[in-house]
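This report describes a protein chain, from its overall make-up to a few local features. The sequence and structure come first.

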Amino acid sequence: MVGTPDGGTTQSATGSSDAATYESYADMVAAYRADIQEVYAGDRYGNNMVALYNPLNYIGAGDTADPVWTKIVMGASEGDMPMFSSLNLQIAWLNAGVDAVIEWQWDGGHVPSEILGNSFSLYVDQMYGKYAEGAAAIGKAAAAKQTANGTAETATGTDISGWVNDEDTTAVSFRLSDAAAYRTKGASKAMPGFDVIDYEQEDYVFGSSEKDARHWDTYLPDIFEEYADTLEPLFSVGR
């Protein structure tokens with residue numbers, strides 16, 4: 001992805017350190033506090049911008065017309081947001097009575113493509129056939145077993161056999177720590193990310209003419225302060 005830090009680092013997009021903006025860990029925490037106070041004070045219309053952009057405030061709400069179905073597709077190597085954000089969205093849709101499915105694509109990145117014979121247009125047709133009165137049901141062509149891996153003589157791709165337990169193919173499992181290691185290996189941002197978003201990509205909707213990113217997580221500064229003894233030494237790695 002353009003403009004993101006190197007994998008395995010907490011650097012900003014504009015340099016080799018955690019932040020291009022702050023000279024110290026304390027400065028960063030103070031900026032977080034100031035940003036949050038300003039953002040939550042509301043815009044010129046009195047609206048809390050964070051609340052306006054939070055879909056969980058609208059899904060299933062009394063004055064919201066929910067859709068009949070929705071599908072969420074997310075790459076497991078996505079580096080700009082946690083996977084559980086998409087899971088929370090699916091849970092909210094399901095609680096609202098919406099036919100909601102989620103698809104996490106392993107090795108998928110920022111904008112994953114449909115795989116395994118699926119496509120967005122096919123899914124739209126399937127949902128139309130399922131819910132539109134009088135519409136014909138749309139099926140998917142049966143899968144054909146692949147006996148060759150293209151022109152390659154040996155298997156290609158990431159070998160995950162060392163950490164995935166597939167003895168029972170109906171209940172494949174793996175450890176959470178392995179899944180986290182797999183995900184961050186291909187992601188552009190490490191955990192914790194500190195001030196990786198000090199440019200115009202993700203949080204620009206809360207920005208201003210003076211600075212692009214605005215911090216709006218009310219819990220994060222508390223974490224930074226409570227665990228400062230652990231986190232501060234990690235800050236500015238590579239500076």
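A residue counts as buried when its relative accessible area is under 20%, as exposed when that area is over 50%, and as partly exposed in between. The model described here is predicted.

## Overall make-up

By the buried cut-off, 29% of the 239 residues of the protein chain are buried. The accessible surface of the chain is about 15500 Å², and carbon and sulfur atoms account for 54% of that surface.

The chain contains seven helices and four strands. Along the sequence these elements follow the order α-α-β-α-β-α-β-β-α-α-α. Of the contacts between residues at least 6 apart in sequence, 63% link residues at least 24 apart.

## Helix α1

Helix α1 covers residues 25–40, which is 16 residues. At 1.5 Å a residue the expected span is 22 Å, and the end C-alpha atoms are 23 Å apart, so the two values agree.

Which residues of α1 are buried? They are Tyr-25, Met-28, Val-29, Ala-31, Tyr-32, Asp-35, Ile-36 and Val-39. These buried residues lie on the same side of α1, because they cover an arc of only 160° around the axis. Gln-37 and Glu-38, on the other side of α1, are exposed.

## Surroundings of α1

What do the buried residues of α1 pack against? Their partners are α2, α6 (220–226) and α7 (228–231). Just after α1, Gly-42 has a positive phi of about 100°.

Glu-232 belongs to the segment after α7. With a relative accessibility of 42%, Glu-232 falls between the two cut-offs and therefore counts as partly exposed. Glu-232 and Ser-24 are 208 residues apart along the chain, yet their C-alpha atoms are separated by 8.8 Å.

## A nonpolar surface patch

Leu-52, Tyr-53 and Tyr-58 make up a nonpolar patch on the surface. Together the three residues have about 300 Å² of accessible area.

Where in the chain is Tyr-53 found? Tyr-53 sits in the loop between α2 (49–52) and β1 (69–75). Its relative accessible area is 48%, so Tyr-53 is partly exposed. Helix α2, which precedes this loop, is also one of the elements that the buried residues of α1 pack against.

Definitions and conventions:
Residues numbered from 1 in each chain as written. Predicted model: local features only at pLDDT ≥ 70, side-chain atom pairs only at ≥ 80, totals over all residues. Heavy atoms only, no water. Helix = DSSP H or I, 4+ residues; strand = E, 2+ residues; numbered from the N terminus. Buried < 20%, exposed > 50% of the residue type's maximum accessible area, 1.4 Å probe, protein only. Contact = heavy atoms within 4.5 Å. Areas by Shrake-Rupley, 256 points an atom, 1.4 Å probe, with all protein chains shown as cover. Patch = residues over 30% accessible without salt bridge, like charges linked within 9 Å, V, L, I, M, F, W, Y side chains within 5 Å. Salt bridge = Lys/Arg side-chain N within 4 Å of Asp/Glu carboxyl O. Expected span 1.5 Å × (residues − 1). Arc of directions from axis to C-beta.
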